[in-house]
Structures are given as structure tokens and as C-alpha cells.
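Here's a quick walk through this model, starting with one helix and working outwards. Keep the structure open as you read.

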Amino acid sequence: TLHNLGSLYSRQNLFEKAEPLYKQALEIRKVILGEKHPQYALSLNNFAYLYSSHNELAKAEALYKQSLAINQVAFGKDHPSCALVLNNLGS
């Protein structure tokens, strides 16, 4: 829910409202699921997209790379989740 609300704010170009919600969602997944869980990687990817869409490319790149590493370990390098992150990283 936090992520979805953050996405709504992001689509409205309300970055200052979206960013703390993405951070909170990421932290919850980190605590509950751990930093190696694919859902944590998904939150990293989504948070990176927020940064990318607001031209904070260095922050986005770091989060995309972290998400990719988790997905590669969890699923293997040829998994669609890895392809999604690679696509976002290359955009």
C-alpha cells in the first residue's frame, strides 16, 4: 500500500511525497523479508525507477544494480525479473 501510494504521488510529480513512502516500504520489506528476498529486490527496482524518473541517475543506478544482484542469485541470470531490471538500468 505504501508503494502504491508512492506511485500515485510519483505520477503526479510529487517526488517529495513519494520518496518517503518508497523508503518506508523498502525498509519494511528489508526487516520482514530480508535483503536477499526477491520482493525486497522489487522494492529496490521500483525505488530506483522513482529516482530515475526524477533525474537522480546515480541513486537509481545503485539501486538497480542491487536489485539485479539479488534477482540473479534468487532466480538465475536468465529470469524475466533480471531482464526487467536490466531494461530499467539501460533506460
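A quick definition to get going: buried means under 20% relative accessible area and exposed means over 50%, with partly exposed in between. Bear in mind that this is a predicted model.

## Two sides of H5

Let's begin with helix H5, which spans residues 80-90. Which of its residues are buried? They are Cys82, Val85 and Asn88. Looking down the axis of H5, the buried residues fall within an arc of 125°, so they line one face of the helix. Flip to the face turned away from that buried side and you'll find Pro80 and Gly90, both exposed.

And what covers the buried residues of H5? The cover includes helix H3 (38-53) and helix H4 (57-75).

## Ser67, tucked into H4

One residue worth clicking on is Ser67, which sits in helix H4. Buried or exposed? Ser67 counts as buried because its relative accessibility is 0%. Setting aside neighbours within four places in sequence, Ser67 is in contact with Ala41, Leu44, Asn45 and Val85. Val85 has come up already, as one of the buried residues of H5.

## The core

Now for the middle of things. The largest nonpolar core has 18 residues, and those with the most contacts inside it are Leu44, Phe47, Leu50, Tyr51 and Leu63. At least two residues of this core come from each of H2, H3, H4 and H5, and H3 gives the most, with 7 residues. As a general point, nonpolar side chains in soluble globular proteins tend to be buried together.

Take Phe47 as an example. Not counting residues up to four places away in sequence, Phe47 touches Glu19, Tyr22, Lys23, Leu26 and Leu63. Of these partners, Leu63 is also listed among the core residues with the most contacts.

## A nonpolar patch outside

Over on the surface, Ile28, Val31, Ile32 and Leu33 make a nonpolar patch of about 390 Å². Val31 belongs to helix H2, residues 15-33. With a relative accessible area of 59%, Val31 is exposed, because the cut-off is over 50%.

## Two loop asparagines

Most residues other than glycine have a negative phi. Asn13 has a positive one, near 60°, and its place is the loop between helix H1 (2-11) and H2. At 60% relative accessibility, Asn13 is exposed.

Asn55 also has a positive phi, near 60°. This one is in the loop between H3 and H4, and Asn55 is exposed too, with a relative accessible area of 60%.

## Salt bridges

How many salt bridges are there? The count comes to 4. Among them is the pair Lys65 and Glu61, whose closest N and O atoms are 3.0 Å apart. These two are 4 residues apart in helix H4, so about one helical turn separates them. Both are partly exposed, Lys65 at 47% relative accessible area and Glu61 at 38%.

Glu56 pairs up with Lys59, with closest N and O atoms 3.1 Å apart. Here Glu56 is partly exposed at 25%, and Lys59 is partly exposed at 43%. Another salt bridge joins Lys30 to Glu35, where the closest N and O atoms are 3.9 Å apart. Lys30 is partly exposed, with a relative accessible area of 31%, and Glu35 is partly exposed at 43%.

Key. Residues are numbered from 1 along each chain as its sequence is written. This is a predicted model: local features need pLDDT of at least 70, side-chain atom pairs count only at pLDDT 80 or more; totals for chains, interfaces and linings use all residues. Side-chain values use heavy atoms; hydrogens and water are left out. Buried means under 20% relative accessible area, exposed over 50%, partly exposed in between (1.4 Å probe, protein chains only). The arc is that of the directions from the helix axis to the C-beta atoms. Contact means heavy atoms within 4.5 Å. Patches are made of residues with over 30% relative accessible area and no salt bridge: like charges are joined within 9 Å, nonpolar side chains (Val, Leu, Ile, Met, Phe, Trp, Tyr) within 5 Å. Accessible areas come from the Shrake-Rupley method with a 1.4 Å probe; for residues, only the protein chains shown count as cover. A salt bridge is a side-chain nitrogen of Lys or Arg within 4 Å of a carboxyl oxygen of Asp or Glu. A nonpolar core is a set of buried Ala, Val, Leu, Ile, Met, Phe, Trp, Tyr and Cys residues joined through side-chain atoms within 4.5 Å.
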